[in-house]
Every structure is written in structure tokens, then in C-alpha cells.
Amino acid sequence: MPKPIAKESEKRKKEKVVYTAQVKAIIAENPNCRINSPDCTGKAQGANHKQKRSPANYTKIDNLEGACNACNLYCETHPVWAEANGHQISRFK
């Protein structure tokens, strides 16, 4: 039987360890959500990638900001609002 294809590469697994530590540090530094959308719950639960996540910027600390899940979703569903408020940056600019 052939070996199944890995769900994550070894490189991504190592990056994920770094990313998880970065997110924890961002939240420890300031546990409040930094997006403050109309749906904000106030407490950061993870990180928002200002520029969509890619291999080139996955662990760039200046691309991350603490965000609650509601705000993270709000930025995804309201990209014009997110860009106007500095929470989303186009990869094409």
C-alpha cells in the first residue's frame, strides 16, 4: 500500500510552531482585539493577517494583529471596510 500524502509538510510544521508562539506573544502583550469592528467581542482570540496568509508572509510579525474571531470574520466578509481601516492589505499593491 502506498504511503499517504502528508497533510502538512515538515517545513510548515516548523513554521506553525513559530506562528503559534508569535500569536501567543501578541495576545499576551495586549489581550484586547485591535480591529474593533461592529461585531467585536473585545478579547483577542487569535491573529488577523493584514495581508492574506501565504508562504512568504505566514510568520511576518508586522503582518499580524490580535483579533477576536468575530472581527476576523468581519474582515473577511467586509473587505472594503477592512482595507479602509488598515486591517487588510492587498497583495497586488
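Start by selecting tyrosine 19, which counts as buried at 14% relative accessibility. The model is a predicted one, and the tour goes from this residue to its ring partner, then along its helix, and ends at another aromatic pair.

**Tyrosine 19 and tyrosine 58.** Add tyrosine 58 to the selection; this residue is buried too, with a relative accessible area of 5%. Searching the whole structure for aromatic pairs gives 2. Tyrosine 19 and tyrosine 58 make up one of them, with 4.8 Å from centre to centre and 25° between the planes. Planes under 30 degrees apart count as stacked, so this pair is stacked. Now colour by secondary structure: tyrosine 19 belongs to helix α1 (residues 10-29), while tyrosine 58 is in the loop between β1 (46-49) and β2 (64-67). The pair therefore ties together parts that lie 39 residues apart in sequence.

**Arginine 12.** Keep the ring of tyrosine 58 in view and show arginine 12. The charged end of arginine 12 sits over that ring, 4.1 Å from its centre.

**Glutamate 15.** Next select glutamate 15, in helix α1. Its relative accessible area is 18%; the cut-off for buried is under 20%, so glutamate 15 counts as buried. Leaving aside residues up to four places away in sequence, glutamate 15 touches Pro55, Tyr58 and Thr59.

**Helix α1 as a whole.** Select the 20 residues of α1 and take the distance from the first C-alpha to the last: the helix reaches 29 Å, close to the 28 Å expected at 1.5 Å a residue. Then pick out its buried residues, Glu15, Tyr19, Gln22, Val23 and Ile26. Turn the view to look down the axis of α1: the buried residues fall within an arc of 100°, so they line one face of the helix. What do the buried residues of α1 pack against? Show the strands as well: the packing is against β1 and β2. Rotate to the other side of α1 to find exposed residues, namely Glu10, Lys14, Val17, Lys24 and Ala28.

**Tyrosine 74 and tryptophan 81.** Return to tyrosine 58, buried at 5% relative accessible area, and from there move to the rings of tyrosine 74 and tryptophan 81. Their centres are 5.1 Å apart and their planes stand at 90°, so this pair is edge-to-face. Is each residue buried or partly exposed? Tyrosine 74 is buried, at a relative accessible area of 12%, whereas tryptophan 81 is partly exposed, at 24%.

Definitions and conventions. Residues numbered from 1 in each chain as written. Predicted model: local features only at pLDDT ≥ 70, side-chain atom pairs only at ≥ 80, totals over all residues. Heavy atoms only, no water. Phe/Tyr/Trp six-rings, centres within 6.5 Å; stacked < 30°, edge-to-face > 60°. Helix = DSSP H or I, 4+ residues; strand = E, 2+ residues; numbered from the N terminus. Buried < 20%, exposed > 50% of the residue type's maximum accessible area, 1.4 Å probe, protein only. Lys NZ or Arg CZ within 6 Å of the ring centre and 35° of its normal. Contact = heavy atoms within 4.5 Å. Expected span 1.5 Å × (residues − 1). Arc of directions from axis to C-beta.
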